[in-house]
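Thank you all for making the time this morning. I would like to walk you through one structure, and I would ask you to keep the picture open while I talk.

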Amino acid sequence: MHLRCGPLFPAPHALSARGCTPTTHPLDPPHTKPTRPNAWFIVSRLLQITSSSARPRKEAMAAAAAAEVSNNRVILKRHVTGFPTEDDMELVPATARLAVPPGSAAVLVKNLYLSCDPYMRSRMSRHDEPSYVPDFVQGEVLTTLGVSKVVESGHQDYKPGDLVWGMTGCEEYTLITNLQTHFKINHPELPLSYYTGVLGMPGLTAYAGFFDVAKPKKGDYVFVSAASGAVGQLVGQLAKISGCYVVGSAGSDEKVNLLKTKFGFDDAFNYKKEQDLNATLKRCFPEGIDIYFENVGGAMLDAVLLNMRLHGRVSVCGMISQYNLEQLEGVHNLFSIVAKRIRMEGFIVMDHYGSYRKFEEEMAGYLKEGKITYVEDVAEGIESFPSALIGLFYGRNIGKQLVAVARE
């Protein structure tokens, strides 16, 4: 694992050999009655038949064999209750054929980078009531967002060599049949891995949740929980660009230092060292909080509600403190929403995909100008996916957690 900081199968088409069985040979002598061929003639005939029929068949078999490649994949071994473990997943060997079904509009991609995201924890459990994303199926490959390269295509808008990001399998190669939420990569001059984060779903999440939901004004007091993660680090920097005062919380002194020195937060604290979150927030925000970007839930949300200003806004992105609990924690200070006329709104990033291209150009500009800095935590190899994903729920990652499957 290493950190990087910076501003910046279905079967293939049939391959078959056509056999050739000649009825006459150009060297046959003319005759009018059956004659017994000599030994030389028999050998020459056999050689011709063999060379004309077997060689294409061997070439076809060789081509078919070359089109099948290793495709290690990560499956869900069992549905999860409580904290997940690496043993809930399994790396299984498989193969993939480098082709798409004849006549289909599917594309076959080679996965380069795979994203590890907190929302995946919910999909690892079995739910009686459906959520906004379906549960993973036991025994089947996990799916996640990833950066991929098109290998074969039956779709008119995609060709081999195209770079895309979108939902894919936790495996080396994936056949994608639904391309409605996939995007071609417009800025390959930036690190491709950024499309799992700052230029991908987490980046759009930060952008939409802050600007479209929280609707900041210059001078607002902004608090971001889980502020060193894939989304939080961007919310804080976007808030600073917008002229806000920004404080973040994180789970280690190292992460707190990162918020202050790398991401430009005005202040930050280690929530694990604070005995009274209400008092901590009063210390950081003596005049109260205008915008809370919510990533945590539970006790943190309870304390924040007491410290919101009149007409404050809470943009609810996630609640990672609750994902592994069998009995969810209650929130006791909800009347603050009434007394302070707080607007609290949840959002799903998929609802904002229509503004992705606008976001991509704006964020790419910030990166190139050095206005946004992004930190990644990169694990190497498909086999590292289970441990990388589990690490999210123990705070082991610093910055955006992703897995490099192949580097091109």
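I will take the sheet and its helices to begin with, then the salt bridges, and then a few backbone details.

Before anything else, please keep in mind that this is a predicted model, and that residues are numbered from 1 along the chain as its sequence is written.

Let me begin with the sheet. Six strands make up an open sheet, and if you read across it the order is 13-12-11-14-15-16, with parallel pairing. As a general reminder, strands of a sheet pair through backbone hydrogen bonds, either parallel or antiparallel. Which strands stand at the edges here? They are strand 13, residues 267-270, and strand 16, residues 343-346, and because each has a single partner strand, one side of each is left without a neighbour in the sheet. From one strand to its neighbour in this sheet, the turn is 15 degrees on average, if direction is ignored.

Within that order, I would like you to look at strand 11, residues 221-224, and strand 14, residues 289-294, which pair in the parallel sense over three bridges. If you want a place to put your cursor, V224 stands opposite F293, the latter being in strand 14.

Now for the helices that lie on these strands. Helix 7, residues 298-306, packs on the sheet and touches strand 11, strand 12, strand 13, strand 14, strand 15 and strand 16, and its direction makes about 165 degrees with that of strand 14. Helix 3 lies across strand 11, strand 14, strand 15 and strand 16, and runs at about 145 degrees to strand 14.

Helix 3 has a helical partner as well. The axis of helix 3, residues 201-214, and that of helix 9, residues 356-369, come within 10 Å of each other and cross at roughly 100 degrees, which means that helix 3 is roughly perpendicular to helix 9. On the helix 3 side the contact is made by G203, L204 and Y207, and on the helix 9 side by Y356, K358, F359 and E362. Sorted by character, the residues of this contact are four nonpolar, one polar and two charged.

Let me turn to the charged pairs. In general, side chains of opposite charge can pair when their charged atoms come close. With a nitrogen-to-oxygen cut-off of 4 Å, the count for this model comes to 21 salt bridges, and I will show you three of them.

In one of these, the side chains of E171 and R73 meet with 2.7 Å from N to O. This pair links distant parts of the chain, since E171 is in the loop between strand 8 and strand 9 whereas R73 is in strand 3, 98 residues apart. Is E171 buried or exposed? E171 is buried, with a relative accessible area of 3%, while R73, with a relative accessible area of 22%, is partly exposed.

Another pair is R407 with E380, where the closest N and O atoms are 2.5 Å apart. Here too, distant parts of the chain are linked: R407 is in the segment after strand 18, E380 is in strand 17, and their positions lie 27 residues apart in the numbering. R407 is partly exposed at 41% relative accessible area, and E380 is partly exposed at 35%.

The remaining pair on my list is E369 with K371, whose closest N and O atoms are 3.3 Å apart. E369 is exposed, at 52% relative accessible area, and K371 counts as partly exposed, at 48%. Beyond these pairs, K77, R78, D87 and D88 are joined into one network by salt bridges that share partners.

Finally, some backbone details, starting with helix 4, residues 232-241. Eight of its 10 residues are buried, so helix 4 is largely enclosed by the rest of the structure; among them are L234, V235 and L238. Helix 4 is followed by G243, whose phi is positive, near 85 degrees.

Ahead of that helix, in the loop between strand 11 and helix 4, sits A226, a residue other than glycine whose phi is nonetheless positive, near 50 degrees. A226 counts as partly exposed, at 32% relative accessibility. H311, in strand 15, likewise is not a glycine and has a positive phi, of about 60 degrees, and at 51% relative accessibility H311 counts as exposed.

Methods. Predicted model: local features only at pLDDT ≥ 70, side-chain atom pairs only at ≥ 80, totals over all residues. Heavy atoms only, no water. Axes fitted to C-alpha atoms, helices over the stretch in contact; angles between N-to-C directions. Helix = DSSP H or I, 4+ residues; strand = E, 2+ residues; numbered from the N terminus. Parallel < 35°, antiparallel > 145°, perpendicular 65-115°, else oblique. Contact = heavy atoms within 4.5 Å. Nonpolar A, V, L, I, M, F, W, Y, C, P; charged D, E, K, R; others polar. Pairing = 2+ DSSP bridges. Buried < 20%, exposed > 50% of the residue type's maximum accessible area, 1.4 Å probe, protein only.
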